[in-house]
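Biologist: Please choose one part of this chain, take a close look at its surroundings, and then follow the connections outward as far as they help. I would like one continuous account rather than a list.

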Amino acid sequence: MEDAVPVIYYHVTQPLLAAGSIIENGNFGRILDKYAPGFGDVVTLYREEVLEAIRKEQFPDKPSRFHSIFLLDTLENAVCYRDHNAQHQNIYTVEIVDTDKAIHKGFWCPPFPIGNYRHYCFEYAKRYWNGEIERISIRKNNGKCTSVMPVELIIESPVKVLERILT
């Protein structure tokens, strides 16, 4: 019997990691717990609290963003995500350690809010947990726009680093 071929995903993070390193899930939630005056973006905190409240209420079988790791499905998507949200960070190919955990696909880059931010956050949360993903246009640093299908995957499992991608 042949060994199963691992499913490869992409992860964007700041530290330099060696192949074989394990990245633990839940770091995002750990950082959110440390938000205090002068540290952290309250807009991000509010959005994440709304996302978690909607998940608990309407989608309790979905993984919590607070306890998950964030992955991207393609290298193109990882590069767009990095360039838009995490400039100067590293992209790694990774594989999931605990493949029995549930994975959720959501929309990594919602349109910026127009009007009522509270209404926007609740509507985004419902769309996110329903897995509604639509192609969007993102303005790059060079001023040009690129079209991207902004899929992020979350899973409450550590991942194993396979290699760092140089882009």
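Modeller: In this predicted model, Tyr 92 touches a long series of residues when those up to four places away in sequence are not counted: Tyr 9, Tyr 10, His 11, Thr 13, Pro 15, Leu 16 and Leu 17, and then Val 161, Glu 163, Arg 164 and Ile 165. Tyr 92 has its place in strand S4, and it is buried, with a relative accessible area of 0%. One of its partners is reached by a polar contact, as the side chain of Tyr 92 comes to 2.7 Å from the backbone nitrogen of Leu 17. Another partner, Arg 164, is 72 residues away along the chain, yet the C-alpha atoms of Tyr 92 and Arg 164 are separated by 4.4 Å.

The next residue to consider is Thr 93, also found in strand S4, which spans residues 90-96. Thr 93 is buried, at a relative accessible area of 7%, and, once neighbours within four places in sequence are set aside, it is in contact with Ile 8, Tyr 9 and Tyr 10 as well as with Lys 160, Val 161, Leu 162, Glu 163 and Ile 165.

On the N-terminal side of S4 comes the loop between H3 and S4, where His 88 lies. His 88 takes a positive phi of about 70° although it is not a glycine, and its relative accessible area of 76% makes it exposed.

Helix H3 itself leads back to S4, since the buried residues of H3 pack against S4 as well as against strand S1 (9-13), S3, strand S7 (145-148) and S8. Those buried residues are Asn 77, Ala 78, Cys 80 and Arg 82. Tyr 81, by contrast, is partly exposed, with a relative accessible area of 24%, and it forms an edge-to-face aromatic pair with Trp 108, the centres being 5.2 Å apart and the planes at 85° to each other. Tyr 81 belongs to helix H3 (residues 75-85) and Trp 108 to the loop between S5 and H4, so this pair ties together parts that are 27 residues apart in sequence. Trp 108, for its part, is buried, with a relative accessible area of 7%.

That loop brings the account to helix H4, which comprises residues 117-130, 14 residues that reach 20 Å from the first C-alpha to the last, close to the 20 Å expected at 1.5 Å a residue. Its buried residues are Tyr 120, Cys 121, Tyr 124, Ala 125, Tyr 128 and Trp 129. They cover an arc of only 150° around the axis, which puts them on the same side of H4. What covers them includes helix H2 (42-58), strand S5 (103-107) and strand S8 (151-155), and S8 is also among the elements against which the buried residues of H3 pack. At the start of H4, a side-chain oxygen of Asn 116 reaches to within 2.9 Å of the backbone nitrogen of Arg 118.

Aromatic side chains are a recurring feature here. The whole structure holds eight aromatic pairs, and ring pairs link Tyr 46, Tyr 117, Tyr 120, Tyr 124, Tyr 128 and Trp 129 into a cluster. Tyr 128 has a further partner, for Arg 65 lies over the face of its ring, at 4.9 Å from the ring centre.

Just after H4, Gly 131 takes a positive phi of about 75°. This glycine lies in the loop between H4 and strand S6 (136-139) and is partly exposed, with a relative accessible area of 31%. Not counting residues up to four places away in sequence, Gly 131 touches His 104 and Lys 105.

Strand S8 offers a last link, through the loop between H2 and strand S3 (69-72), where Ser 68 lies. Ser 68 is buried, with a relative accessible area of 2%, and, leaving aside neighbours within four places in sequence, it is in contact with Asn 25, Gly 26, Pro 63, Ile 154, Ile 155 and Glu 156. As for helix H1 (residues 27-33), it includes Arg 30, which counts as partly exposed at 43% relative accessibility and whose C-alpha atom is separated by 7.4 Å from that of Phe 66, 36 residues away along the chain.

Conventions: Residues numbered from 1 in each chain as written. Predicted model: local features only at pLDDT ≥ 70, side-chain atom pairs only at ≥ 80, totals over all residues. Heavy atoms only, no water. Helix = DSSP H or I, 4+ residues; strand = E, 2+ residues; numbered from the N terminus. Expected span 1.5 Å × (residues − 1). Buried < 20%, exposed > 50% of the residue type's maximum accessible area, 1.4 Å probe, protein only. Arc of directions from axis to C-beta. Contact = heavy atoms within 4.5 Å. Polar contact = N/O pair within 3.5 Å; in protein donor to acceptor, adjacent residues only side chain to side chain. Phe/Tyr/Trp six-rings, centres within 6.5 Å; stacked < 30°, edge-to-face > 60°. Lys NZ or Arg CZ within 6 Å of the ring centre and 35° of its normal.
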